[in-house]
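Please look through the sequence and the model shown here before reading on. The paragraphs that follow lead from one part of the chain to the next.

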Amino acid sequence: MKTILIVDDEVNIREVIRSYLQKEGFRTIDVETGREALQYVQTQPVDFVILDLMLPDMEGEEVCQAIRQIHSVPILMLTAKISQSNRIRGLAVGADDYLLKPFDPRELVARVRTILRRSTDDVLLADRLTFNQGELTIDSLKQQVFRDGEPVNLTPNEYRILLLLAKYPQRSFSRDELIERVLGHDFEGDVRTIDQHVKNLRYKIESDPKKPSYLVTVYGFGYRFAGGAI
């Protein structure tokens, strides 16, 4: 049974989300502040976080960023304001998806299931791939990435993008294909969302993010993986 943490200061919203998720067989925990959410994630197992953007004690992006420092759990953000700048800022700190308030609870459940399904499909043909004399390693059993032997803290979407590209080195993927295969065909955001994820990835795994040796831009199209496996 998957455990979902609901973080929202509005009681009625928490009750609706809890009711729909529990009907679908999920275990739910709900809190109303960012600090309570961080305390729970630090001390208890959790499989998914539904996080409101506006909390009484902390901004949702701040909570998301703090969670990302310790956990790769998928995060769906709820927000009443969904400008492009809000979306980009949220993705930059590690959110997996956004849902605009007011929302249909059935859509929320569907998005939770889609994101969880993607996170369990991340497997490699080999258990462990190593590139450039051990500089970069992808361990599919642990779902962990290492750079020079040190673990790299990636979001679920960042991990899936890297994994997909690394499975097919030298193959070019369009932004649309990456969105469909990583974020899902029902994703409604801007295609440039992929650019933000790749930018985040480069800062985490590249020696020089401005001159990437792994995640190479295919101008006017998308991206390809250029690392040499050993």
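Which residues are buried in helix 1? The buried residues of this helix are Ile13, Arg14, Ile17 and Leu21, where buried means under 20% relative accessible area, exposed over 50%, and partly exposed in between, computed with a 1.4 Å probe on protein chains only. Seen down the axis of helix 1, these buried residues fall within an arc of 95 degrees, so they line one face of the helix; the arc is that of the directions from the helix axis to the C-beta atoms. Helix 1 covers residues 11–23, and at 1.5 Å a residue its 13 residues should span 18 Å, which agrees with the 18 Å between its end C-alpha atoms; the expected span is 1.5 Å times one less than the number of residues. Just after helix 1 comes Gly25, with a positive phi of about 95 degrees.

The model is a predicted one, in which local features need pLDDT of at least 70 and side-chain atom pairs count only at pLDDT 80 or more, while totals for chains, interfaces and linings use all residues. Residues are numbered from 1 along each chain as its sequence is written, and side-chain values use heavy atoms, with hydrogens and water left out.

Taken as a whole, the protein chain has eight helices and 12 strands, where helices (H or I, at least four residues) and strands (E, at least two) are DSSP runs numbered from the N terminus. Of its 230 residues, 52% count as buried. Among contacts (heavy atoms within 4.5 Å) between residues at least 6 apart in sequence, 58% join residues at least 24 apart. The accessible surface of the chain comes to about 11,100 Å², with 48% of it belonging to carbon and sulfur atoms; these areas come from the Shrake-Rupley method with a 1.4 Å probe, and for residues only the protein chains shown count as cover.

Two sheets can now be followed in turn. Strands of a sheet pair through backbone hydrogen bonds, either parallel or antiparallel. One open sheet has five strands in the order 2-1-3-4-5, with parallel pairing; two strands are taken to pair if DSSP finds at least two bridges between them. Its edge strands, each of which pairs on one side only, are strand 2 (27–31) and strand 5. Neighbouring strands of this sheet are turned by 20 degrees against each other on average, direction ignored. Helix 2 (residues 34–43) packs on the sheet, touching strand 1 (3–7) and strand 2, and its direction makes about 160 degrees with that of strand 1; axes are lines fitted to C-alpha atoms, for helices over the stretch in contact, and angles run from 0 to 180 degrees between N-to-C directions. Strand 4 (residues 75–79) and strand 5 run parallel and are joined by four bridges, and Thr79 stands opposite Leu100 in strand 5.

Beyond strand 5 (97–100), the loop that leads to helix 5 (105–120) holds Pro102. The peptide bond from Lys101 to Pro102 is cis, with omega near -5 degrees.

The other open sheet consists of four strands in the order 6-7-8-9, and here the pairing is antiparallel. Strand 6 (128–131) and strand 9 are the edge strands, each pairing on one side only, and the twist averages 25 degrees from one strand to the next. Helix 6 (residues 156–167) packs on this sheet and touches strand 6, strand 7 and strand 8, its direction making about 100 degrees with that of strand 7. Strand 7 (residues 136–139) and strand 8 (residues 144–147) share four bridges, and Leu136 has Arg147 of strand 8 as its bridge partner. Arg147 in turn has Glu150 as its bridge partner in strand 9.

Strand 8 and strand 9 form a hairpin with two residues between them. Asp148 in this turn has a positive phi of about 55 degrees although it is not a glycine, and Asp148 is exposed, with a relative accessible area of 53%. Most residues other than glycine have a negative phi, and most peptide bonds are trans.

Arg147 also leads to a later part of the chain. Glu206 is found in the loop between helix 8 (193–205) and strand 11 (215–218), and it is buried, with a relative accessible area of 5%. Although Glu206 and Arg147 are 59 residues apart along the chain, their C-alpha atoms are separated by 8.9 Å. Leaving aside neighbours within four places in sequence, Glu206 is in contact with Arg147, Leu201, Pro212, Ser213, Tyr214 and Leu215.
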